[in-house]
Amino acid sequence: MSTPDTGPVVAGPQGLEPRVPRFARPRAFGFLLLATGVVGWVASAVLVLERLALYKDPGHVTSCDVNPWVSCGRVMGTWQSELFGFPNPLIGIVAFAVVLATAMAVLSGAAPGRWYWAGLQAGVTLGTVFVIWLWSQALFEIYILCLYCMVVWAAMIPLFILLTVRNLVHGVIPAPRAVVRFAADWAGTLVAIAYVAVAGSVFLRFFPAFTGG
């Protein structure tokens, strides 16, 4: 059973009750896509501009070259920064443009079909896997942080988690009712846990740099 505005209706203790979190409703979710899309796209665009500046002048000091441990320029000199033969941020520019286009469509009143949301989920999931790989490389292989890359990480965390919850609630991703209810009730907490986990991993890995040890 579903309603036009809130999607699937899940049986609750008082009968049939809508279990769609506020953020998963069309207008609110459109703004969520807009916010994460803008943040991710701008960070990716800045990285591309910095990369072009380095192509033009190998001695260019990027705007996020803070110290030996936080340096976009040094990260751009690694093979991980061009995994597919071109600067990784180009992927971000295209991918976040799709997120922004979806946000504009949803905010204008469009209702993309289930196939579209499934495709967006697949794309965002692949992007998240890529970001996790980049995170692991930054912490355990390169041992250098890229400030703008971390901004992209910050955008991807709520985008992935809340899109997944949205698609669970609206039936795009089939799941047991208990799983859907848990995801809907704990979505914000899951985002907070992810942020704390990433921040904690960075702090612990770079503890000597932070303390001067």
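Axes here are lines fitted to C-alpha atoms, for helices over the stretch in contact, and the angle between two axes runs from 0 to 180 degrees between N-to-C directions. The exercises below apply this to a predicted model.

**Exercise 1. Describe how helix α4 packs with helix α5, giving the angle, the axis distance, the handedness and the residues involved.**

Solution. Two packed helices are described by the angle between their axes and the distance between the axes. For helix α4 (residues 114-142) and α5, the angle is about 145° and the axes lie 10 Å apart. The next step is the sense of the crossing, which is left-handed for α4 and α5. On the α4 side, the residues that meet α5 are Trp117, Leu120, Gln121, Val124, Thr125, Gly127, Thr128, Val131, Leu134, Trp135, Ala138 and Leu139, while α5 contributes Trp153, Met156, Leu159, Phe160, Leu163, Thr164, Arg166 and Asn167. Sorted by class, the contact of α4 with α5 has 13 nonpolar, 6 polar and 1 charged residues.

**Exercise 2. Determine whether α1 is roughly parallel or antiparallel to α5, and characterise the contact between them.**

Solution. Begin with the geometry: the axes of helix α1 (residues 26-56) and helix α5 (residues 147-169) come within 9 Å of each other and cross at roughly 155°. Because angles over 145 degrees count as roughly antiparallel, α1 is roughly antiparallel to α5. The crossing of α1 and α5 is left-handed. From α1 the contact draws on Phe29, Leu32, Leu33, Thr36, Val39, Gly40, Ala43, Ser44, Val46 and Leu47, and from α5 on Tyr148, Cys149, Val151, Val152, Ala155, Pro158, Leu159, Leu162, Leu163 and Arg166. In terms of class, the contact of α1 with α5 comprises 16 nonpolar, 3 polar and 1 charged residues.

**Exercise 3. Work out the relative direction of α4 and α6, then place serine 201 in its surroundings.**

Solution. The axes of α4 and α6 come within 10 Å and cross at roughly 20°. Since angles under 35 degrees count as roughly parallel, α4 is roughly parallel to α6. The crossing of α4 and α6 is left-handed. Their contact is made by Trp135, Leu139 and Phe140 of α4 together with Val198, Ser201, Val202 and Arg205 of α6, and these residues divide into 5 nonpolar, 1 polar and 1 charged.

Turning to serine 201, this residue is found in helix α6 (residues 177-205). With the cut-off for burial set at under 20% relative accessible area, serine 201 counts as buried at 17%. When its neighbours within four places in sequence are left aside, serine 201 is in contact with Trp135 and Leu139. The C-alpha atoms of serine 201 and tryptophan 135 are 9.7 Å apart, although the two residues are separated by 66 residues in sequence.

**Exercise 4. For threonine 102 and alanine 187, state whether each is buried or exposed, and name the residues in contact with each.**

Solution. Threonine 102 is found in helix α3 (residues 89-107), and with a relative accessible area of 1% threonine 102 is buried. Leaving aside neighbours within four places in sequence, its contacts are Leu33, Tyr116, Trp117 and Leu120.

Alanine 187 lies in helix α6 and likewise counts as buried, at 1% relative accessibility. With the neighbours within four places in sequence again set aside, alanine 187 is in contact with Phe23, Ile161, Leu162 and Val165. In the case of phenylalanine 23, the separation from alanine 187 is 164 residues in sequence and 9.6 Å from C-alpha to C-alpha.

**Exercise 5. Identify what is noteworthy in the backbone of tyrosine 143, and locate this residue.**

Solution. Most residues other than glycine have a negative phi. Tyrosine 143, however, has a phi near 60°, a positive value in a residue other than glycine. As to location, tyrosine 143 is found in the loop between α4 and α5, and with a relative accessible area of 27% tyrosine 143 is partly exposed.

**Exercise 6. Summarise the chain as a whole: its elements, their order, its burial, its contacts and its surface.**

Solution. The chain contains 7 helices and 3 strands, which follow the pattern β-β-β-α-α-α-α-α-α-α along the sequence. Of its 213 residues, 42% count as buried. Among contacts with a separation of 6 or more, 70% are accounted for by residues 24 or more positions apart. Finally, the accessible surface of the chain comes to about 11200 Å², of which 71% belongs to carbon and sulfur atoms.

How values were computed: Residues numbered from 1 in each chain as written. Predicted model: local features only at pLDDT ≥ 70, side-chain atom pairs only at ≥ 80, totals over all residues. Heavy atoms only, no water. Helix = DSSP H or I, 4+ residues; strand = E, 2+ residues; numbered from the N terminus. Buried < 20%, exposed > 50% of the residue type's maximum accessible area, 1.4 Å probe, protein only. Contact = heavy atoms within 4.5 Å. Areas by Shrake-Rupley, 256 points an atom, 1.4 Å probe, with all protein chains shown as cover. Parallel < 35°, antiparallel > 145°, perpendicular 65-115°, else oblique. Left-handed = near helix turned anticlockwise from the far one by under 90°. Nonpolar A, V, L, I, M, F, W, Y, C, P; charged D, E, K, R; others polar.
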